[in-house]
Amino acid sequence: DQPPSAPLPGRPSRSAMPHKELSPGLLETFMERFELKKEEVLEQKAAFDLLDLHCTGKISMEELREFNAKSGCGFSEQELVEQFREMDVDGKGGITFLDYLKVYVKGTYEREVRLGLEHDE
């Protein structure tokens, strides 16, 4: 019995890649740094995963458009672009879960979260 072969580095397997679950340590860190309850972090992770259609850990503009079309949300292209720019905190063309949580906390609790993790590459 041989284990199933792993996909080549940098290439997803043919079946849909599963979303990464938050490790208990990372969950605790998000709860502490963002001052959120466990349920809030998990709910936001589930919402993020719905938008991360390709399971890359980042939401692209294309995924946002695709989700908008499939879900029937009815946002205009301009509204999608504005939302994407607001959520793409570092301006690198993708929304990470960290970016997503920052925007959630700002919108829900009107708090800015500074983590000391931001840096330019």
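**Salt bridges, a buried asparagine and the last helix**

Glu66 and Lys70 are four residues apart in helix α3, which means that about one helical turn separates them. Salt bridges that share partners also join Glu62, Arg65 and Glu77 into one network. I should say at once that what we are looking at is a predicted model, and that the structure holds five salt bridges, of which I will go through some.

Let me stay with Glu66 and Lys70 for a moment, whose side chains meet in a salt bridge at 3.2 Å, N to O. Glu66 is partly exposed, with a relative accessible area of 29%, whereas Lys70 is exposed, at 66%. As a general point, an α-helix has 3.6 residues a turn, so residues three or four places apart point the same way.

Turning to the network, the side chain of Arg65 meets that of Glu62 in a salt bridge of 3.0 Å, N to O, and these two residues of helix α3 are three places apart, about one helical turn. Arg65 also forms a salt bridge with Glu77, and here the N to O distance is 2.6 Å. Because Glu77 lies in helix α4 and Arg65 in helix α3, this pair ties together parts that are 12 residues apart in sequence. Arg65 is partly exposed at 30% relative accessibility, and Glu77 is partly exposed at 40%.

Now, still in helix α3, is Asn68 buried or exposed? Asn68 is buried, with a relative accessible area of 11%, and a polar atom of its side chain lies 3.0 Å from the backbone oxygen of Phe75. Leaving aside neighbours within four places in sequence, Asn68 is in contact with Cys73, Gly74, Phe75 and Leu80.

Next comes helix α5, residues 97-109, whose 13 residues reach 17 Å from the first C-alpha to the last, close to the 18 Å expected. Its buried residues, among them Phe97, Tyr100 and Tyr104, pack against α1, α2, β1, α4 and β2. After α5 comes Glu110, which has a positive phi, near 55°.

Phe97 brings me to my last residue, Leu22, since Phe97 is one of its contacts beyond four places in sequence, together with Leu27, Phe30, Val41 and Lys45. Leu22 lies in the segment before α1 and counts as buried, at 18% relative accessibility, the cut-off for buried being under 20%. Lys45 is 23 residues away from Leu22 along the chain, and their C-alpha atoms are separated by 8.3 Å.

Conventions: Residues are numbered from 1 along each chain as its sequence is written. This is a predicted model: local features need pLDDT of at least 70, side-chain atom pairs count only at pLDDT 80 or more; totals for chains, interfaces and linings use all residues. Side-chain values use heavy atoms; hydrogens and water are left out. Buried means under 20% relative accessible area, exposed over 50%, partly exposed in between (1.4 Å probe, protein chains only). Contact means heavy atoms within 4.5 Å. The expected span of a helix is 1.5 Å times one less than its number of residues. A polar contact is a pair of N or O atoms within 3.5 Å; within protein, one must be able to donate a hydrogen and the other to accept it, and residues adjacent in sequence count only if both atoms are side-chain atoms. A salt bridge is a side-chain nitrogen of Lys or Arg within 4 Å of a carboxyl oxygen of Asp or Glu.
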